[in-house]
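Here are some questions and answers on how labels follow from values. Each answer sets a value against a cut-off and concludes.

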Amino acid sequence: MIIELQASVPASTTAAILEAAKVRRLTANLVRNERDAQVIGIGGSIPIDQMGLPGIARVEPVHKPFMMASRELRDSSTVMVGNVPVGNGDPVIMAGPCVVEDLDGLVEGARAAQHAGASILRGGAFKPRTSPYSFQGLGELGLQHLAAARDATGMPVVTEVMEPGEVDLVASYADMLQVGSRNMANFPLLKRVGDSDKPVLLKRGFSATVEEFLMSAEYILSHGNPNVILCERGIRGFDTMFRFNLDLNAVPGLKELTHLPVIVDPSHGTGHRSLVPRMAMAGIAAGADGLIVEVHPTPETAMCDAAQTITPGTLADIHRGMVAIHSALAPIFAPEAMPVAVAAD
Ligand code: PEP
Ligand code: MN
């Protein structure tokens with residue numbers, strides 16, 4: 001049940017609603033929408049019509065199962081990653097190596113990515129690798145290198161966390177916690193990052209439907225963390241030519257359903273560096289709020305995902321394309337430019 005309150009709502013109404021949820025053992029989350037109105041999402045129903053409370057603006061007893069993620073709650077959200085806004089209409093680039101290898105290489109790559117137009121640094125310290133014999137990441141040393149690269153460049157950092165027990169450690173270094181594709185349905189992890197005060201980059205499971213993806217976001221939101229960014233990173237297809245198939249339908253599809261920012265990962269979504277620039281730009285054309293791209297000063301030598309990793313020079317081309325495509329399309333798709341429904345006579 002979604003209950004929107006009037007600006008003038010007495011505090012007693014809010015308290016009565018939260019208490020009614022509590023006695024029924026229902027979760028209740030109080031957030032503000034973009035008009036600064038208070039909205040309460042309750043995981044079930046309370047007899048609001050019979051409670052006679054003043055200051056209720058709107059009640060939605062029937063809504064999407066991903067209530068807190070849905071546009072029935074609010075229209076749009078901007079998530080701050082450090083000092084970088086994501087979802088405010090200006091697309092951003094997150095870039096860096098698949099895995100943090102060493103401090104000097106990370107800082108060199110971070111500076112080059114920043115020069116090419118990136119504003120957030122990515123890099124894995126704890127890596128989910130298909131083979132247990134592959135490099136698993138530097139662990140806490142990798143987190144320390146990321147923090148040093150942030151100090152050197154001023155760029156906030158995003159890095160993956162794989163286990164509930166490591167959330168505090170990763171959050172003590174990172175500006176945003178990444179939940180990877182393989183952990184999208186790791187519900188204990190989702191609940192734990194939902195308790196964190198750091199924003200979360202949630203990547204779509206490569207076999208997950210859009211609705212399952214949104215329900216995973218709902219776990220984080222319903223645990224009290226409103227700062228979630230969704231990432232479309234490709235789903236499994238039948239064609240072995242591609243590592244994954246970047247599902248660009250999902251981008252405008254998600255935008256119709258959720259207020260959360262959506263970014264696109266053309267690196268994992270293709271698996272081939274030659275395909276990354278075009279698919280990055282296609283992601284922006286599809287309406288993404290940004291990109292996450294694997295970049296390395298010498299991609300051939302990257303210790304993880306080398307085949308899909310691009311140079312900083314290619315990232316600069318993507319940045320130029322992104323700015324051009326976004327400025328060409330923004331006026332066409334701006335809400336005020338949408339055709340207004342005309343009543344039939
Ligand atoms: C990554 O971003 O490095 C990564 C492992 O991505 P995914 O979880 O999408 O495979
Ligand atoms: Mn990777």
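**From values to labels**

Q: Why is Arg74 called buried?
A: Arg74 has a relative accessible area of 17%. The cut-off for buried is under 20%. Arg74 is therefore buried. This is a predicted model, and the value is computed from it.

Q: What makes up the surroundings of Arg74, leaving aside neighbours within four places in sequence?
A: Arg74 is in contact with Arg32, Asn33, Glu34 and His259. Contact here means heavy atoms within 4.5 Å. Arg74 itself sits in the loop between strand 4 (56-60) and strand 5 (79-81). Arg35 is 39 residues from Arg74 in sequence, yet their C-alpha atoms are 8.7 Å apart.

Q: Why is the protein called as compact as a globular protein of its length?
A: The 10 helices and 14 strands make up its secondary structure. The radius of gyration is 21 Å, and the globule rule gives 20 Å for 345 residues. The two values are close, so the protein is as compact as a globular protein of that length. Along the principal axes, the C-alpha atoms fill a box of roughly 65 × 55 × 40 Å.

Q: What share of the residues counts as buried, and what share of the contacts spans 24 or more positions?
A: Of the 345 residues, 49% count as buried. Among contacts with a separation of 6 or more, 69% join residues 24 or more positions apart.

Q: What does the surface of the protein consist of, and how are its charges placed?
A: The accessible surface is about 15,200 Å², and carbon and sulfur atoms hold 55% of it. There are 27 positive and 37 negative side chains. The centres of these two sets lie 2 Å apart.

Q: How do you know which residues coordinate the manganese ion (ligand 2)?
A: A donor is an N, O or S atom within 2.8 Å of this metal. Cys98 (SG), His268 (NE2), Glu294 (OE) and Asp305 (OD) coordinate the ion at 2.0 to 2.4 Å. Those distances are within the cut-off, so the four residues count as donors. Water is not among the atoms, so the site may look incomplete.

Q: Why is the pair Glu294 and Asp305 said to tie parts of the chain together?
A: Glu294 lies in strand 14 (residues 290-294). Asp305 lies in the loop between strand 14 and helix 10 (312-333). The pair therefore ties together parts that are 11 residues apart in sequence. The full donor spacing reads C-x169-H-x25-E-x10-D.

Q: What makes Asp305 stand out, and is Asp305 buried or exposed?
A: Asp305 has a positive phi of about 55° although it is not a glycine. Its relative accessible area is 18%. Buried means under 20%, so Asp305 is buried. Glu294 is buried as well.

Q: Why is Asp36 called exposed?
A: Asp36 has 51% relative accessibility. Exposed means over 50%, so Asp36 counts as exposed. Asp36 also has a positive phi, of about 70°, although it is not a glycine. Its place is in the loop between strand 2 (28-32) and strand 3 (38-42).

Q: How do you know that Thr13 is buried?
A: The relative accessibility of Thr13 is 1%. The limit is under 20%, so Thr13 counts as buried. Thr13 lies in helix 1 (residues 11-23). Beyond neighbours within four places in sequence, Thr13 is in contact with Leu5, Leu53, Pro54 and Ile56.

Q: Why does Pro97 count as buried?
A: Pro97 has 12% relative accessibility. Against the cut-off of under 20%, Pro97 therefore counts as buried. Pro97 is found in the loop between strand 7 (92-96) and helix 3 (103-115). Not counting residues up to four places away, its contacts include Leu106, Arg122, Val295 and His296. Gly124 is another of them, with its C-alpha 7.5 Å from that of Pro97 and their positions 27 residues apart in sequence.

Q: What makes Ser196 buried?
A: Ser196 has a relative accessible area of 13%. Buried means under 20%, so Ser196 is buried. The loop between helix 6 (187-194) and strand 11 (200-203) holds Ser196. Not counting residues up to four places away, Ser196 touches Val167, Ala171, Leu177 and Asn225.

Conventions: Residues numbered from 1 in each chain as written. Chains lettered and ligands numbered in written order. Predicted model: local features only at pLDDT ≥ 70, side-chain atom pairs only at ≥ 80, totals over all residues. Heavy atoms only, no water. Helix = DSSP H or I, 4+ residues; strand = E, 2+ residues; numbered from the N terminus. Rg over C-alpha atoms; globule rule 2.2 N^0.38 Å. Buried < 20%, exposed > 50% of the residue type's maximum accessible area, 1.4 Å probe, protein only. Areas by Shrake-Rupley, 256 points an atom, 1.4 Å probe, with all protein chains shown as cover. Lys, Arg positive; Asp, Glu negative; His and termini not counted. Charge placed at Lys NZ, Arg CZ, Asp CG, Glu CD. Donors = N, O, S within 2.8 Å, 3.2 Å for Na, K, Ca; no water.
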